[in-house]
Amino acid sequence: MFTQANETKLDEIITHYPVKRSAVLPALYIAQEEHGYVTDDDVRYIAQRLDMRVNEVEEVVTFYTMYSRKPVGKYKLQVCRTLSCALLGAEKIAEHIEHKLHIGMGETTIDGKFTLTEVECLGYCDLAPCLQVNFDYHEKVTTDGVDKLIEGLK
Amino acid sequence: MTKVLTSRFHLKGQACDIDVYKQTGGYQALPKALKEFKPDQVIDEVKKSVLRGRGGAGFPTGMKWSFVPKESKRPKYVVCNADESEPGTGKDRDLMRYDPHQMIEGMIIAGYALGSNASYIYIRGEYWFIKEILEKAIAQAYAQGYLGKNILGSGFDHDMYVHPGAGAYICGEETALLESLEGKRGHPRLKPPFPAVVGLYGGPTVVNNVETLAVVPHIILNGGEWYKALGTEKSGGTKLFTVSGHVNNPGNFEVPMGYPLMSLINNECGGISGGRKLKAVIPGGSSVPILTAEECEKVNMDYESVAAAGSMLGSGGVIVMDETADIFESTMNLTHFYKHESCGWCTPCREGTRWLYKVFQRMKRYEGRSGDVELLYDLADKILGKSFCALGDAAAMPVQSAIKKFREDFDRRIKHNLIQIAKAAD
């Protein structure tokens with residue numbers, strides 16, 4: 001079950017499509033917004049809600065990189081690693097965050113606040129290097145900028 | 001230079017408001033199309049413009065539209081491919097965040113031309129803030145009667161929805177996109193049948209890129225001939241290029257088709273960073289063959305000229321690399337991308353990209369074995385043309401072209417060669 005507001009939102013989204021199943025990606029975003037990640041209960045609930053089998057939802061969740069099936073930090077720091085960002089120092093940004101937060105790629109800080117991941121092209125090539133924190137884009141990032149940004153995240 | 005698609009970019013997003021869009025010439029093409037054009041005439045006008053798909057494949061848009069059967073038992077759909085994820089490309093991002101109505105108006109006109117009453121914008125999930133911009137714009141369009149039932153009293157109905165992807169490059173491939181929109185894994189479909197005949201929910205479907213659809217209102221307003229005349233004989237109109245990498249002023253630039261690549265780099269982008277020397281350019285997004293500095297001198301940015309130079313115009317993502325770049329490293333970076341984004345459906349691509357990356361990894365440690373460069377080339381050959389969709393080709397072509405043109409950057413990674421070099425130095 002989602003919150004009443006999100007249930008209403010999902011009901012509305014379902015009306016966009018001739019088949020309920022099409023709403024699976026939006027529904028998974030709702031689940032993730034509510035629980036921080038996609039839980040086992042979410043998978044079962046979405047399957048029931050959209051007339052899908054549990055394994056059909058599971059195979060969708062695991063295909064798309066923007067969903068997580070395990071808990072992640074409050075802030076997902078996603079450093080773009082693809083060519084345009086790499087040419088302008090993405091690796092340095094990633095290493096800087098690793099040292100600052102004492103975590104490696106794919107890891108979460110002990111307090112559960114930050115998860116660091118490396119992601120593929122975010123579409124900000126002309127504004128490289130680029131970092132996405134949850135859904136917020138940060139362009140032309142520098143190591144100093146990253147320090148300020150992280151300290152500002154409460 | 002005529003700015004067609006970027007004329008509202010200087011407003012920095014104010015044109016997201018429908019009233020600003022209308023004050024600057026917006027929503028004039030749609031009433032004109034509904035009043036003065038029969039659906040077929042819209043398609044003819046688009047054909048005259050020689051507009052070619054701006055997502056990467058460059059397929060003539062008018063022809064794609066004409067493949068949609070007139071009579072269909074199943075509903076027809078217009079789908080906007082806003083899953084922009086080709087490395088090096090960020091043009092659709094600005095087209096949508098600075099001027100969403102331009103594309104929406106183009107989609108409604110496309111819907112009218114094809115007899116479709118519903119359209120979807122499939123946008124990459126990372127562009128969540130743009131999804132919200134589009135949803136607001138669509139709500140405004142409904143409120144002013146440009147969407148919904150009986151649009152502007154014409155009797156034509158059209159609904160529009162925004163659908164978020166969730167981080168899969170393969171969903172930019174049009175049939176994988178349709179699978180994803182139907183709530184499945186993004187695996188490409190076998191073609192034929194092409195989406196124009198059997199597409200979304202089994203209905204005839206046209207999938208067009210953001211930039212392609214954004215051009216449509218201008219073609220209706222000014223005529224196909226006018227648009228064509230902006231570019232070259234076979235590549236009509238203007239094109240947005242995202243220039244990234246080692247240039248002083250990276251960004252999105254709209255120039256006429258046929259504009260010289262070096263002018264784009266030197267004028268629009270203020271030249272190479274730090275006054276260094278140009279080494280290589282990937283002219284059309286990461287999937288296309290690389291060009292050497294000498295080759296760049298002669299290239300004009302239109303489909304034919306870039307093809308004549310042995311590469312492709314692709315999505316218009318221009319990645320510039322100066323003399324400090326190591327083409328082995330840049331090619332390895334892209335191979336990682338394709339390995340990560342391979343959907344896993346077919347063996348040549350799934351296994352081939354992983355194998356390529358494995359060889360790259362040992363070469364990166366300067367532990368390449370004799371014959372590894374040939375092995376890379378051969379592996380790429382075993383993927384090229386043998387994969388289920390074009391992702392395999394996109395992974396293979398950059399590897400082969402980089403080896404052909406920048407062999408020394410690869411040879412340096414072979415252990416045996418290093419020993420020879422050390423011996424020679426003694």
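Reader: Hi! What are α2(B) and α9(B) to each other, direction-wise?

Author: They're oblique to each other, meaning neither under 35, over 145 nor 65 to 115 degrees. This is a predicted model, where local features need pLDDT of at least 70, side-chain atom pairs count only at pLDDT 80 or more, and totals for chains, interfaces and linings use all residues. Residues are numbered from 1 along each chain as written, with chains lettered from A and ligands numbered from 1 in written order.

Reader: Which residues meet there?

Author: A29(B), K32(B) and A33(B) of α2(B) meet P217(B), I220(B) and L221(B) of α9(B), contact being C-beta atoms, placed from the backbone, within 7 Å. That set has five nonpolar residues, no polar and one charged.

Reader: Switching to chain A: which residues of α4(A) are buried?

Author: In α4(A), residues 54–63, V57(A), V60(A), V61(A) and F63(A) are buried (20 or more other C-beta atoms within 10 Å; exposed is 12 or fewer). They span an arc of only 165 degrees around the axis, so they share the same side of α4(A). N55(A) and T62(A), on the other side, are exposed.

Reader: And what covers the buried residues of α4(A)?

Author: The cover includes α2 (24–35) and α3 (40–49) of chain A.

Reader: Nice. How many residues of chain A are in contact with chain B?

Author: In chain A, 32 residues are in contact with 45 residues of chain B. On chain A's side, α2, α4 and α5 (83–87) each give two or more residues. By class, that side has 21 nonpolar, seven polar and four charged residues.

Conventions:
Helix = DSSP H or I, 4+ residues; strand = E, 2+ residues; numbered from the N terminus. Arc of directions from axis to C-beta. Contact = placed C-beta atoms within 7 Å. Nonpolar A, V, L, I, M, F, W, Y, C, P; charged D, E, K, R; others polar.
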